[in-house]
Amino acid sequence: MGFLSILSFAHKLIEERVTPGETVIDATAGNGVDTVFLAKCVGPQGTVHAFDIQEQALLLTEQRLAKEIPGCTSVQLHLNSHALLKEILTEAARGTVGAVMFNLGYLPGADQHTITKPESTLPALQAALDMLRVGGILTIALYTGHEGGGHEAEAVHEWLGQLSQKQYQVLEYRFLNRSNNPPYLIAVEKRQTS
Ligand SMILES: C[S@@+](CC[C@H](N)C(=O)[O-])C[C@H]1O[C@@H](n2cnc3c(N)ncnc32)[C@H](O)[C@@H]1O
């Protein structure tokens, strides 16, 4: 049977926590797999905010949504950096969001130089945690195989290391004997607000 892939494991953790009608965020829409998954989790009464800095990514996401959830109106696509997450969702969303997904790196099949970078990833991760409700979850898929990926992963781990254990539970899900720098998953659950 084998273990779940890192993406399936992220989906499982989110499914177990998110309820229909909630607000959730896909911080890196890419080709839309996670956006569609999140839209199915929250249903027609919920809201998904999906961010990407590449128009091509949002087009792919739009097409996937139209195919998999025809007539879907619960997704708001933002052609913006996730570094603007706080400004776009506004203070009113603080402490209300059920899940935030980050899938770092580059868009498969597109320009490999357009990658997520620590200077925007770290403020966005912090904003994401502030947005989470108690019991909500942040997932981060990390890739170290491309140039800049290792540096970004180090910065993310440094940021994770300063999170209060009273406030957050942090998990790593990783295949240890797989070759070629396999991606791995970090999940952060909010246990209490402060
Ligand atoms: C690995 S892909 C995401 C895959 C996606 N989750 C999926 O299900 O297909 C990473 C995406 O992050 C996007 N990205 C890079 N920097 C970003 C930023 N500052 N804000 C939002 N998205 C960004 C890239 O354009 C790329 O589409």
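A polar contact is a pair of N or O atoms within 3.5 Å. In this predicted model, one such pair joins a backbone N or O atom of histidine 82 to a nitrogen atom of the ligand, at 2.9 Å. The protein covers 96% of the 600 Å² of accessible area that the ligand has on its own, and the space that the ligand takes up is the largest pocket.

**Surroundings of the ligand**

- The ligand is surrounded by 23 residues, and the closest of them are Thr28, Asn31, Asp52, Gln54 and His82.
- Sorted by class, this shell around the ligand consists of 12 polar, 9 nonpolar and 2 charged residues.

**Polar contacts made by side chains**

- Asparagine 31 places a polar side-chain atom 2.5 Å from an oxygen atom of the ligand.
- Glutamine 54 has an N or O atom in its side chain that lies 2.8 Å from an oxygen atom of the ligand, whereas for histidine 82 the atom facing the ligand nitrogen belongs to the backbone.

**Salt bridges**

- The structure contains 9 salt bridges, among them one between glutamate 22 and arginine 133, whose closest N and O atoms are 2.6 Å apart.
- Another salt bridge brings together the side chains of lysine 12 and glutamate 16, with an N to O distance of 2.9 Å.
- Lysine 12 has a relative accessible area of 35% and therefore counts as partly exposed, since that class lies between the limits of 20% for buried and 50% for exposed residues.

Methods. Residues are numbered from 1 along each chain as its sequence is written. This is a predicted model: local features need pLDDT of at least 70, side-chain atom pairs count only at pLDDT 80 or more; totals for chains, interfaces and linings use all residues. Side-chain values use heavy atoms; hydrogens and water are left out. A residue is near a molecule or strand if one of its heavy atoms lies within 4 Å of it. A polar contact is a pair of N or O atoms within 3.5 Å; within protein, one must be able to donate a hydrogen and the other to accept it, and residues adjacent in sequence count only if both atoms are side-chain atoms. Accessible areas come from the Shrake-Rupley method with a 1.4 Å probe; for residues, only the protein chains shown count as cover. On a 1 Å grid over the protein atoms alone, a cavity is a set of points where a 1.4 Å probe fits but cannot get out, and a pocket is an open set with protein on both sides within 12 Å along at least five of seven lines; lining residues have an atom within 4 Å of a point. A molecule sits in a cavity or pocket if more than half of its atoms lie within 2 Å of its grid points. Ala, Val, Leu, Ile, Met, Phe, Trp, Tyr, Cys and Pro count as nonpolar, Asp, Glu, Lys and Arg as charged, and the others, Gly among them, as polar. A salt bridge is a side-chain nitrogen of Lys or Arg within 4 Å of a carboxyl oxygen of Asp or Glu. Buried means under 20% relative accessible area, exposed over 50%, partly exposed in between (1.4 Å probe, protein chains only).
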